[in-house]
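Work through the exercises below with the sequence and the model open. Each task is followed by a solution in steps.

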Amino acid sequence: MISSSTNTLTITRPDDWHLHLRDDTALQRTVTDTARQFVRAIVMPNLRPPVTTTAMANDYRQRILAARPDNSDFEPLMTLYLTDNTPASEIEMAVDSEFVKAVKLYPAGATTNSDAGVTHLRHCANTLEMMQKLGMPLLIHGEVTDPEIDIFDREKRFIEDKLIQLRRDFPELKIVFEHITTKDAADYVNEANAYLAATITPHHLLYNRNDLLVGGIRPHYFCLPILKRNIHQQALLKAATSGSNKFFLGTDSAPHPRHDKESSCGCAGIYSAHAALEFYAEAFESMNALDKLEAFASFHGPDFYGLPRNKGTITLHRKAWQVPESLDFADSQLIPLRAGEMLQWQSQATMT
Ligand SMILES: NC(=O)N[C@@H](CC(=O)O)C(=O)O
Ligand SMILES: [Zn+2]
Ligand SMILES: [Zn+2]
């Protein structure tokens, strides 16, 4: 940590290791918000159609770069969407590109735009073999999709039914267990070797399922994996603030237009990019662990991916401010996390 007092906190500029930027007219909102705080972000590939090839990732990357604010040095780190049919040769192309940094596994049907995802990992053996050989990380949405499995148990069951076997079959494959939400996942990652790490979102640190369901159903708190009970929130707070290099920042900021969230069948996804670092600061402060924020936000991620840590700093000031009730989003509106309510920290980037 560069410096801190009770009222300011200056840390090395951070990265977001799990982000949904969407596409086209949505990019102005999402890229601007993320570029304000983060130098790099792992950009999720669940567009329609999904980003399944290096050529598609290249086109998408160009659209993101074109949406950057003036003078921004924001760098999108691209991912490929793994399907049953992704050939091993695509992994070689991805590695050669240098801008594709990972491959994302969505179990088919697990979450937003995952219909083209993997139906069974046995279909991907050659491709996973190539990833292991070339050091290309596999990022996993870790939930089973069997309709009879309770939604609150789907992450735990993914560990038991899929992840243990996957790690046995590919012991040197780098894996990020994305957006973990349970004590089970935090414990599993903690006890695993250095090939396994996990991202933790701000909303899973700050909220639990009561915030989603008590006193009325709140669609803007609905995301996948779904918010769990309080003991899991506590375990995630402990993991994130433990100083362990196996846990790092990934917001899973995932915007949906207001009308798609406030619906009889509302979409999963929470938008946090407007104040991502502020949310994390609040969570870390609740554990008296602001001194652990820098490594979580700025060191553990690049170290795991084998990328350099960023230069320059960002400063958070203790300054109460009100989150807007809604944000412009393409030709629609977006309800940001904590809409209309107060935040106690405010960030200010210094480009150096
Ligand atoms: N997290 C979510 O609730 N939604 C994400 C997909 C995902 O990360 O699972 C989205 O793309 O909307
Ligand atoms: Zn996911
Ligand atoms: Zn996501």
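**Exercise 1.** Which side chain of opposite charge is nearest to Asp 252, and how far away is it?

Solution. Asp 252 is buried, where buried means under 20% relative accessible area, exposed over 50% and partly exposed in between, with a 1.4 Å probe and protein chains only. The nearest side chain of opposite charge is Lys 104, 6.4 Å away; for charge, Lys and Arg count as positive and Asp and Glu as negative, while His and the chain ends are not counted. Asp 252 has no salt bridge, a term for a side-chain nitrogen of Lys or Arg within 4 Å of a carboxyl oxygen of Asp or Glu.

The model is predicted: local features need pLDDT of at least 70 and side-chain atom pairs pLDDT 80 or more, whereas totals for chains, interfaces and linings use all residues. Residues are numbered from 1 along each chain as its sequence is written, chains are lettered from A and ligands numbered from 1 in the order written, and side-chain values use heavy atoms, without hydrogens and water.

**Exercise 2.** Find the protein donors of the zinc ion (ligand 3) and describe the site.

Solution. Donors are N, O and S atoms within 2.8 Å of the metal (3.2 Å for Na, K and Ca); water is not among the atoms, so sites may look incomplete. For the zinc ion (ligand 3), the protein donors are His 18 (NE2), His 20 (NE2) and Asp 252 (OD), at 2.0 Å. Along the chain their spacing is H-x1-H-x231-D. His 18 is buried because its relative accessible area is 0%, and His 20 counts as buried because its value is 6%.

Next, take the angles. The four donor atoms make angles of 92 to 139°, and the site is irregular. Four donors count as tetrahedral if all angles lie between 85 and 135 degrees; four count as square planar and six as octahedral if opposite donors are over 155 degrees apart and all others between 65 and 115; anything else is irregular.

**Exercise 3.** Which residues donate to the zinc ion (ligand 2)?

Solution. His 141 (ND1) and His 179 (NE2) are its protein donors, 2.0 to 2.1 Å from the zinc ion (ligand 2). This pair links distant parts of the chain, 38 residues apart: His 141 is in the loop between β7 (138-140) and α5 (154-169), and His 179 in the loop between β8 (175-177) and α6 (183-191). Helices (H or I, at least four residues) and strands (E, at least two) are DSSP runs, numbered from the N terminus. The zinc ion (ligand 2) lies 3.7 Å from the zinc ion (ligand 3).
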